[in-house]
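Colleague: I'm new to this one, so please pick a part and walk me through it closely, then show me how the rest looks beside it. Tell me how far to trust what I see, too.

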Amino acid sequence: MIGKTLKFAAILALGVTLNGPTAWAAAPESDDPIIIVQNNWTSQLVLSTVVGKVLEGMGYTVEFAPSDSQLQFKAIADGDMHFQVEAWEGSMKTAFEKAVAEDGMVDAGAHKAVTREEWWVPQYVADKCPGLPDWKALDKCAEIFATAETKPKGRFVGPPADWGKNYSERVGALKMNFEAINVGQAATLWAELDAAVAKEQPIVLFNWTPNFIEAKTPGMFIDFPDPAKVPECKEDPNLCGAPRSGWLKKAAWSGLAEKYPEAWKVMQNIDFDNSQIAAASLLVDVDGMTTEEAADKWIADNTAVIESWKK
Amino acid sequence: MTVADPSLDRVKPNSNWLSSNGFAVQFVGAIVAASILSFVFSGLRIWPTELVVPVKEWISDFFRWLDKEATLGLFTVKDATRTVSWMLKQPLIWSEYLLWKGAKPFQFLPVFWLLAAAFSAFFVYRVRGARTATYVAFGILALVAIDGLPHILLSLSKAVRADPWLEASAFIGFSEWPGYLLDALTPGSKIKALPWVAVVAGFAIFAHWVGGWRLATLVALCMSYLALTGLWRESMKTFSLVVVAVPFSAILGLFLGVWVTRSKRAARVLTPMFDLMQATPHLAYLVPVVVMFGAGQVPALIATVIFAMPPMARCTILALQTVPADVIESGHMSGCTSRQMLWKVQLPASQKTLLMGLNQVIMQTLAMVVIASLVGAQGLGHKLLFSLQQLKLGYATMQGIAIVLMAVVLDRITQAYANRSTDYEHRDRSTALQQHIHLIIFGVVLFVLIVAAYFSRDVSVLSKKLLLIDNKDALELDKSIKQITFFLIDYVQPIRDWVTVYVLIPIRNFYQAMPWAVVLTGYAMAGYKLGGWRLSALLSGLFFFIVVLPGNWQFATTTFYYVSSALGVCLIIGLPLGVWSARSPTAAKIILAICDTLQTFPSFIYLLPAIMLFKVGELAIIFAIVPYAMVPAIRYTYLGLKLVPEVTSEAARMSGATAWQRLFKVELPIAVPEIMLGVNQTIMMALAMTAITALIGGSDLGQEIYRALPTSDAGRGVMAGLGIATLGIIVDRLINAWADGRKRDLGLI
């Protein structure tokens, strides 16, 4: 008897608990958190924190959710996450457009910033390898880039595997004498670059603009066949490079406009240019701040910009 | 391969060399023949791309179909998965409120109603007696539950993203009124999450209850570290997932385990499933889970539950099978129904094994929660992942230590709980106050601290200036780690290059040139020899259909390369350590304690020292696998030597064997079956670890899983995961078959 009563009580208590927080949470509309996506490169981390802090300042509850740079778009389309501040054409175009077309994700507009993601060499490499930035010239002096592991092929230091780049396939398609080694994290790229620059060793690695590197080390992108001009690229994208002046967009969940109208207005107005993005990553990667500190600094430095979003 | 060891047949008398080595000759012959054939037909070396069966695409299409179209009549599969997510989310909401989020007063309304029911019941009990009091309490709860039902349905329909089935017009909506009132009375205020001091104190008091002062001190120190380094909030985010995932996995595992012992059919289906679930690396679960459940806390929870459940089920099976027959008999004699038998006799009798299962569940959960940060779980894992990705090794060390300490706390507490002796005699003599002293103290402490938290912010979360170790220290640590590695690099770099060029690359080239047909022949022959044609067909079939046909052979060769190199190192270090600890009790104490500790670390952690020392590269990968996989090699060697019958060693000593002779001629040969089981475990753990090392590069099956994650390409991830599982299962079956046969020959079983 007592056992049964207890069970019954437990079921009822469960019932009461279930209709608890979720049911009443809807009362003040903005109380549900706005979930901002964070990825694994510096400028995105800082700028998404900036956006989060601005929204928090407006009274919203903000949460940050870590996500992978490709997976995020499905999560945003489904409303599991709400806003992504940096979507790069070079690496995320396919997933972005697929999510907009198939799953109903919202394209929240492009930034002023012009982006490019490509193989990159420091300036001093040009002296050792004539004909750069053409990719065929690079291929001819592949041997100077070789390391113990890749000999006799040259080593290309590639981005983390989850960034959606297919450089091994490109190397195969263009029959280049290189081996693409993916690093586990972006920071390894800079560590490798620093080590090479210190001894002026030849290195070719993945880089992008806007980034803090351009302020620190002069260099150039390698010119692969331009996808805008070469027709074969449509059939086999591996034969070509990334777009030379790509977009940088924002991605948002379709329910934002209805649920958080004020925040949505701000999100649409957010607009970074190349120097603002590079500044954000400089604060962390060169000055050694934490993401939080860098975001605070960035906000303090750009009050006018932030005010302009709220109009 | 030890499989071809001619000593296998030595026990048979009267055989000449050729016939006793007949199998070895056949084996080598077949391998040579297969090698020659595969140089003639290149298709036997690498499965031709045009013949690859697009299993991966089929699986991806299947998941896409499940996600977009599949229906179960009334509702779609997606609705069902969303409903499951919604249900899992409810307890998560509460654990988050309590541990780190805090909530507005009206969000605690259910607590208000539960308290209201309890208080009115108490009041009525005083006036009218127990029966009426029960009715009153139930009445209140039932009314509130019915009144709130539309809200539940509305929230659910939002979760499945259907048009709201019901507008949230509660029947009367009275259950909300106290909420509005509370909200109006306390505008903008927030009930804080549990203060950190209270959580630390709670852990310490519990630790004292189960394990005395020593454990309590250890626990308090470890938990304080989390607060004093400013990682409290992140730790509680992780912990709120653990708190919900552990009961789910434990209960699910318990029921599946009971089911397996009750039904032969269930056993036939579930046991191989558990094998598969444990052999498949963590990361591979994430891909389908993400496709079905999206990203965020809840999918992380689901992946965690799936991964952490099998050990509990296994322990339950083991526990129920090892209940002494006389205990069951006495249960029968006192007329137990089968349900009473299970709950009142079998499970209590095997409590210890079950609690070990729970311990396993907790450790696996913690490991998985960290990995799940790849799909959006927040908390320590997320922070650690970011620090690793930005190579901020100072921060990463700080956060890594936090995860390890959390693991240590949970591990030690559950172990102490499992080993706690229940002193019934003492319990009978003590008063109610003595029995519940820990609970009462905790209640008082909790109350005081919650009140205190409203006067001082530092009680709920330490403010930055009070931190013992803060970001600046982490930055300093970062700098010193960089300096040390910069200093070490001059010494490490030549070693790294030498090992890479002269050891690793030859091994890699050897494996990468290995034709699949040769490996298949090897498996088939070994399987036939050890377990007859059925085992042979099973192993070669698994290998062919899951690894070769879907075109994963090339990735698998790299996996072979990592695992076998790591295995070599593990054995070179692990075997002597095992022998040493079997010889010297002092050494055993220290070495086994280190093993225990190594096993509590979530696998993620091992990446840290590896990339600090060797930078990104193949050596770092192998270096990260070794400490994780070495533990069983040491343990089983120790165990195997300890199991050698005393009389046998005695006999050897009597016949004048030196210590070395005794070890090599008597004890080791007898211990070999046990040691091989250790090797088996080492291989399984190395395989699991290869998936984690994908985070720092590589080109193996693990990397395939990792790459499948961003593209939500379920097929690619699943097939690569199954590939790793297959390689593991093959080794497992072969070694087990061999060890069984060998033990039989030695008369050990």
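Modeller: Let's take chain A as our part, and start with trust, since this is a predicted model. Chain A has a mean pLDDT of 82, with 88% of its residues at 70 or more. That confidence isn't spread evenly: the low point in chain A is helix 2 (residues 21-25), with a mean of 42, while the high point is strand 10 (residues 248-252), at 92. Around that low point, pLDDT stays under 50 over residues 20-28 of chain A. You'll still see contacts drawn there, 21 of them beyond four places in sequence, but low pLDDT means the predicted coordinates should not be read in detail.

Now for the overall build. Chain A contains 15 helices and 10 strands. Of its 311 residues, 56% are buried. Look also at how the chain meets itself: among contacts in chain A between residues at least 6 apart in sequence, 74% join residues at least 24 apart.

Next, zoom in on the loops of chain A, where some backbone details are worth a look. As background, most residues other than glycine have a negative phi, and most peptide bonds are trans. Against that, the bond joining L132(A) and P133(A) is cis, with omega at about 10 degrees. You can find P133(A) in the loop between helix 6 (125-128) and helix 7 (135-140) of chain A. A cis peptide bond also joins T209(A) and P210(A), where omega is about 5 degrees. P210(A) sits in the loop between strand 8 (204-209) and helix 10 (213-216) of chain A.

Then there's K175(A), which isn't a glycine but has a positive phi of about 50 degrees. Its place is the loop between helix 8 (167-173) and strand 7 (178-182) of chain A. Is K175(A) buried or exposed? With a relative accessible area of 70%, K175(A) is over the 50% cut-off, so K175(A) counts as exposed.

Now over to chain B, and trust again comes before detail. The mean pLDDT of chain B is 84, and 94% of its residues reach 70 or more. Go easy on residues 1-15 of chain B, though, where pLDDT is below 50 and the model has 17 contacts beyond near neighbours in sequence.

A good place to get your bearings in chain B is a pair of helices. The axes of helix 23 (residues 516-548) and helix 24 (residues 553-583) of chain B come within 8 Å and cross at roughly 120 degrees. That angle falls outside the ranges for parallel, perpendicular and antiparallel, so helix 23 and helix 24 of chain B are oblique to each other. On the helix 23 side of chain B, the residues that meet the partner are W516(B), V519(B), Y523(B), F543(B) and V547(B); on the helix 24 side they are W553(B), A556(B) and F560(B). By class, this contact of helix 23 with helix 24 of chain B has eight nonpolar residues, no polar ones and no charged ones.

From there, hop to Q297(B), in helix 12 (residues 297-321) of chain B. Q297(B) has a relative accessible area of 12%, so it is buried. Its side chain makes a polar contact of 3.4 Å with the side chain of E96(B). The side chain of Q297(B) also reaches the backbone nitrogen of Q378(B), at 2.7 Å. Leaving out residues up to four places away in sequence, what Q297(B) touches is L92(B), E96(B), L241(B), G376(B), A377(B) and Q378(B).

S60(B) is another buried spot, at 8% relative accessibility. You'll find S60(B) in helix 3 (residues 55-68) of chain B. Setting aside neighbours within four places in sequence, S60(B) is in contact with D713(B), A714(B), G715(B) and R716(B).

To finish, here are two pairs that show how sequence and space can part ways. G202(B), in helix 8 (residues 196-228) of chain B, is buried at 17% relative accessibility. G202(B) and G443(B) are 241 residues apart in sequence, with their C-alpha atoms 9.1 Å apart in space. Now try F510(B), in helix 22 (residues 471-513) of chain B, which is exposed with a relative accessible area of 52%. F510(B) and V461(B) are 49 residues apart in sequence, and their C-alpha atoms are 56 Å apart in space.

Notes: Residues are numbered from 1 along each chain as its sequence is written. Chains are lettered from A and ligands numbered from 1 in the order in which they are written. This is a predicted model: local features need pLDDT of at least 70, side-chain atom pairs count only at pLDDT 80 or more; totals for chains, interfaces and linings use all residues. Side-chain values use heavy atoms; hydrogens and water are left out. Axes are lines fitted to C-alpha atoms, for helices over the stretch in contact, and angles run from 0 to 180 degrees between N-to-C directions. Helices (H or I, at least four residues) and strands (E, at least two) are DSSP runs, numbered from the N terminus. Angles under 35 degrees count as roughly parallel, over 145 as roughly antiparallel, 65 to 115 as roughly perpendicular and the rest as oblique. Contact means heavy atoms within 4.5 Å. Ala, Val, Leu, Ile, Met, Phe, Trp, Tyr, Cys and Pro count as nonpolar, Asp, Glu, Lys and Arg as charged, and the others, Gly among them, as polar. Buried means under 20% relative accessible area, exposed over 50%, partly exposed in between (1.4 Å probe, protein chains only). A polar contact is a pair of N or O atoms within 3.5 Å; within protein, one must be able to donate a hydrogen and the other to accept it, and residues adjacent in sequence count only if both atoms are side-chain atoms. pLDDT is the predictor's confidence in each residue, from 0 to 100.
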